[in-house]
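Me: I am new to this structure and would like a close look at a single part. Please take the strand pairings and follow them as far as the ligand.

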Amino acid sequence: MSEPIPCKSTIEPLSSYFNLRTKVDVLRLDLVHPVVSGNKWFKLKKYIEEAKQGQKKLVTFGGAFSNHLLATAAAAQKEGLQSVGIVRGEEPAILSHTLRQARSFGMELQFVSREAYRQLHYPGNLPANLPGDSLVIPEGGYGYPGARGAEAILAENETGVYTHILCAVGTGTTLAGMICSAMEGQQLIGIPVLKNAFSLRKEINELLPSEKKDAFALIQDYHFGGYAKKTEALLSFMNDLYSRSGIPTDFVYTSKAFFAALDLVRNGYFSEEDKLLVVHTGGLQGNDSLKKGTLIFD
Ligand SMILES: *Cc1c(COP(=O)(O)O)cnc(C)c1O
């Protein structure tokens with residue numbers, strides 16, 4: 001993007017709040033923008049550069065609670081580009097908070113049935129009424145441009161001291177970017193938030209050069225039932241994490257990554273000499289769909 005992102009991310013300690021012997025720090029990408037999820041700025045960067053060059057309209061996909069859709073809407077407005085969001089499912093009587101916000105950023109929403117949405121596979125069957133000057137961003141920003149943009153995440157801070165870097169994984173594009181920009185010997189760990197994410201390893205490998213293929217771990221035990229699923233234990237963990245550290249998390253992505261990080265440390269996955277960096281990928285707006293009072297922060 002032409003302008004720098006609004007503020008820089010910072011690194012904060014986490015282990016001292018939990019009496020952990022392995023050093024654990026947090027990279028706060030959630031601080032780069034008040035509304036828009038941290039990693040999404042990075043993933044959208046290259047797509048937006050391309051759209052600006054050709055004065056193209058941004059077209060992308062997502063569900064009613066998609067951080068990616070909202071981030072695209074906000075980034076498009078900021079860069080003076082038009083945006084279209086193709087939303088999975090018929091238009092509801094009451095729009096989700098996410099979709100209302102996306103619309104307020106000027107995004108044109110097109111609702112398609114779940115069936116039709118499934119058929120819409122870039123670069124294939126796009127809706128016939130899309131203008132010819134559209135730049136289509138795959139769902140979740142998955143793809144080379146997304147991963148290239150995410151390479152910048154680790155470069156903004158002093159991240160070279162960490163032996164392990166861990167983050168929540170949806171499409172894996174963010175993880176792929178960090179795998180590419182990690183230093184020799186750094187181990188990347190992804191925590192998939194989807195259940196049965198069997199094709200994920202292959203999809204991530206497709207974004208990596210041959211020497212980096214399979215140079216990462218995916219730990220599939222922390223999805224808490226699947227995408228956007230939650231348990232009482234997860235919600236109390238989020239409140240406990242916040243009351244100890246002041247770090248807010250969302251129930252779709254980052255709470256699962258933090259839960260995994262602490263659980264792995266306690267179960268001896270790391271040695272005492274290891275230094276773990278948990279990447280807080282942002283996305284706090286997802287909590288707006290929770291009942292008021294569920295969380296002690298907002
Ligand atoms: C979208 C999102 C992710 C997943 O990013 P991928 O690059 O799709 O793996 C992780 N955390 C948050 C907060 C997100 O909004």
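Reply: A good place to start is Val26, which stands opposite Val278 in strand 10. The model is predicted, so local features need pLDDT of at least 70 and side-chain atom pairs count only at pLDDT 80 or more, while totals for chains, interfaces and linings use all residues. Residues are numbered from 1 along each chain as its sequence is written, and side-chain values use heavy atoms, with hydrogens and water left out.

Helices (H or I, at least four residues) and strands (E, at least two) are DSSP runs numbered from the N terminus. Two strands pair if DSSP finds at least two bridges between them. Strand 2 and strand 10 (residues 275-280) are parallel partners, with 6 bridges. Strand 2 also pairs with strand 1 (residues 11-13), here in the antiparallel sense and over 3 bridges. In this pairing, Pro13 has Asp25 of strand 2 as its bridge partner. Of the 6 residues of strand 2 (residues 23-28), 5 are buried, where buried means under 20% relative accessible area, exposed over 50% and partly exposed in between (1.4 Å probe, protein chains only).

Another parallel pair is strand 7 and strand 8, joined by 6 bridges. Val169 has Pro192 of strand 8 as its bridge partner. Strand 8 (residues 187-192) is largely enclosed by the rest of the structure because 5 of its 6 residues are buried.

Strand 7 leads on to the ligand. Strand 7 (164-169), helix 2 (38-53) and helix 7 (173-181) each supply at least two residues of the shell around the ligand. Helix 2 gives the largest share, 3 residues. There are 16 residues around the ligand, and Lys40, Asn67, Thr171, Thr174 and Thr281 come nearest; a residue is near a molecule or strand if one of its heavy atoms lies within 4 Å of it.

Polar contacts are pairs of N or O atoms within 3.5 Å; within protein, one atom must be able to donate a hydrogen and the other to accept it, and residues adjacent in sequence count only if both atoms are side-chain atoms. One side-chain N or O atom of Thr281 is 2.6 Å from a nitrogen atom of the ligand. A polar side-chain atom of Asn67 lies 2.8 Å from a ligand oxygen atom, and a polar backbone atom of Thr173 is 3.4 Å from an oxygen atom of the ligand. The protein covers 98% of the 380 Å² of accessible area that the ligand has on its own, by the Shrake-Rupley method with a 1.4 Å probe.
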